[in-house]
Amino acid sequence: MCRWAAYFGEPIFLEDIISRPDHSLIAQSQEAEESKTSTNGDGFGVAWYENRPTPGQYRDVYPAWSDPNLRAVAHQVRSGLFLAHVRASTGSAISRNNCHPFTAGSWSFMHNGQVGGFEHFRKQADMCVPDDLYQHRKGATDSEILFLLAIGEGLDKDPQAALSRAVARMENLSRQSGNSPHMRLSVAFSDGKRLFAARYSSDHIAPSVYYRWCETRQGWAVVSEPLEPDEEGWTELPPGKFLELNGKGTVLSEFHPSF
């Protein structure tokens with residue numbers, strides 16, 4: 001399993017989420033508290049928006065805690081919307097192309113979880129990606145296919161419905177040719193204007209997601225785990241829910257992919 005954190009609001013330095021808090025994302029890469037694996041050292045990545053419609057991106061295969069370049073970038077870069085991820089591989093190789101967040105056009109996307117038995121239907125899943133989007137298929141993960149399927153299902157028009165249809169397609173493949181748990185998912189993704197998150201599972205175990213408004217930063221954090229021990233104000237996103245953060249506030253809706 002992996003850990004991730006996202007931010008939407010007034011511009012802050014990336015380090016305010018990635019490295020500075022006591023339970024920052026880098027701290028979670030060494031000692032996660034609500035993950036199946038406490039260590040998430042199979043690479044990291046960050047995607048951020050600032051002066052261009054497409055996101056900046058920095059990914060590498062080193063453990064997040066051992067890369068001084070990540071700390072240097074996080075210390076210098078300010079953004080009002082960014083996604084960051086530390087990876088624990090569930091089977092695919094440790095490579096830069098398999099590190100989240102993934103990007104395509106204005107979209108960025110990161111995932112924690114698994115699609116059960118993906119190695120048994122990898123070819124069928126690849127063939128589901130629309131031809132005009134396959135150029136963005138750089139790695140070998142189920143997460144990247146889920147992202148490209150969601151774009152193909154209409155992420156630009158209706159993010160909640162598009163992601164729901166993409167999850168349903170991947171879960172169907174797992175039910176046909178894979179094994180259980182067929183789908184465990186927490187995701188965060190953005191088009192540079194809004195931030196979205198969802199939490200879902202085909203069984204009773206859904207990866208953790210929390211969100212919180214910070215008055216001092218004037219922004220929202222959406223995370224796998226709270227960033228400070230005993231910090232108040234975190235709301236747990238319930239399983240089967242979809243969260244949208246925009247300039248007007250928060251919107252919660254149901255997220256139950258149908259098969």
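## Pairing of strands E9 and E10

In this predicted model, strand E10 (residues 219–223) pairs with E9 in the antiparallel sense, and the pairing extends over 5 bridges. One of the contacts in this ladder places Tyr-210 opposite Val-223, its bridge partner in E10. The hairpin that E9 and E10 form has 4 residues between the strands, and in this hairpin Gln-218 takes a positive phi near 60 degrees.

## Strand E9 and its second partner

E9 is also joined to strand E11 (residues 235–236), again in an antiparallel arrangement, through 2 bridges. Tyr-210 takes part here as well, since its bridge partner in E11 is Glu-236. With a cut-off of under 20% relative accessible area for a buried residue, 4 of the 5 residues of strand E9 (residues 210–214) are buried, and the strand is therefore largely enclosed by the rest of the structure.

## The open sheet of six strands

An open sheet of 6 strands follows the order E5-E6-E7-E8-E12-E13, with antiparallel pairing. Its edge strands, each of which pairs on one side only, are strand E5 (102–104) and strand E13 (249–254). On average, and with direction ignored, neighbouring strands of this sheet are turned by 15 degrees against each other.

At the E5 edge, the antiparallel pairing with strand E6 (residues 107–114) runs over 3 bridges, and Phe-102 has Phe-109 as its bridge partner in E6.

## Annotated domain

An unreviewed UniProt entry carries the annotation "domain: Glutamine amidotransferase type-2", which covers residues 2–248. Over residues 2–248 the chain is 23% helix and 30% strand, while the end C-alpha atoms lie 30 Å apart.

How values were computed:
Residues numbered from 1 in each chain as written. Predicted model: local features only at pLDDT ≥ 70, side-chain atom pairs only at ≥ 80, totals over all residues. Heavy atoms only, no water. Buried < 20%, exposed > 50% of the residue type's maximum accessible area, 1.4 Å probe, protein only. Pairing = 2+ DSSP bridges. UniProt positions renumbered as here; feature names shortened; annotations may be inferred. Axes fitted to C-alpha atoms, helices over the stretch in contact; angles between N-to-C directions.
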